[in-house]
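Hi,

Here is the structure I promised to pass on. Have a look at it first, and then read my notes underneath.

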Amino acid sequence: FAKIPACYRYKLQGLYIQNRQLRRTSNGCVAGSFVLEGNTVYLSPSCTMAIGVTVHEFFHVIGNRNDNAVHQQWRPVSDRYPRCPVTRYGGTNFFEDFAETGRLLIYPDSSVGAKNPGACVDAKIQGLGQIMASCPQR
């Protein structure tokens, strides 16, 4: 977690991490889930776990803290490339694309989900990197 900028690590304080059997989908196993109301990240022990899953879930936390400040900063970057999810799963919605972009930023060699090819994907990762480096806070 040392790769997560220090100004964001405090956003993970008070977070509960629990093992919980999560639902299965037609695509396989749900490896992780962030529940805002319970301030909890659930990781499913029956799925193949990887650090990339944990980083993905932590980016859900980072994005949702402080009135969605990081989500709001990232929205223009995302809107610049509307049909360019960073991974197949990132194509689900804005929030999953944000978490997948964060995962690829912090842990680019992750085997959790292959990075889509293209300059737009690299630009989104670089854009989030610039936002993370600037530490927007509210």
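Below is what I found, going from the whole chain down to one histidine and then to the helix packing.

First, a caution: this is a predicted model, so please read everything here in that light.

The overall picture: the chain has 138 residues, and 45% of them are buried. Its secondary structure comes to 5 helices and 5 strands. If you walk along from the N terminus, you meet the elements in the order α-β-β-β-β-β-α-α-α-α. Among contacts with a separation of 6 or more, 62% are between residues 24 or more positions apart. As for the surface, about 7400 Å² is exposed, and carbon and sulfur atoms supply 50% of that.

Now for the histidine. H56 sits in helix α2, which covers residues 51-64. Is H56 buried or exposed? Its relative accessible area is 5%, and anything under 20% counts as buried, so H56 is buried. Which residues does H56 touch, leaving aside those up to four places away in sequence? They are Y89, E96, A99, E100 and R103. With E96 there is also a polar contact between the side chains, at 2.9 Å.

Next, the helices, starting with α4 and α5. Helix α4 spans residues 94-106 and helix α5 spans residues 119-134; their axes are 9 Å apart and the packing angle is about 80°. Angles from 65 to 115 degrees count as roughly perpendicular, so that label fits α4 and α5. On the α4 side, the contact is made by D97, F98, T101, G102, L104 and L105, while α5 brings in K124, I125, L128, G129 and M132. Sorted by type, the residues of this contact are 6 nonpolar, 3 polar and 2 charged.

Helix α4 also packs against helix α3 (residues 69-80), at an angle of about 95° and with the axes 11 Å apart. That makes α3 and α4 roughly perpendicular as well. Here α3 contributes V70, H71, W74, R75 and S78, and α4 contributes F94, F95, D97, F98 and T101. This set divides into 5 nonpolar, 3 polar and 2 charged residues.

If you want a place to start in the viewer, try H56 and its 2.9 Å polar contact with E96, then move on to the packing of α4 with α5.

Cheers

Notes
Residues numbered from 1 in each chain as written. Predicted model: local features only at pLDDT ≥ 70, side-chain atom pairs only at ≥ 80, totals over all residues. Heavy atoms only, no water. Helix = DSSP H or I, 4+ residues; strand = E, 2+ residues; numbered from the N terminus. Buried < 20%, exposed > 50% of the residue type's maximum accessible area, 1.4 Å probe, protein only. Contact = heavy atoms within 4.5 Å. Areas by Shrake-Rupley, 256 points an atom, 1.4 Å probe, with all protein chains shown as cover. Polar contact = N/O pair within 3.5 Å; in protein donor to acceptor, adjacent residues only side chain to side chain. Axes fitted to C-alpha atoms, helices over the stretch in contact; angles between N-to-C directions. Parallel < 35°, antiparallel > 145°, perpendicular 65-115°, else oblique. Nonpolar A, V, L, I, M, F, W, Y, C, P; charged D, E, K, R; others polar.
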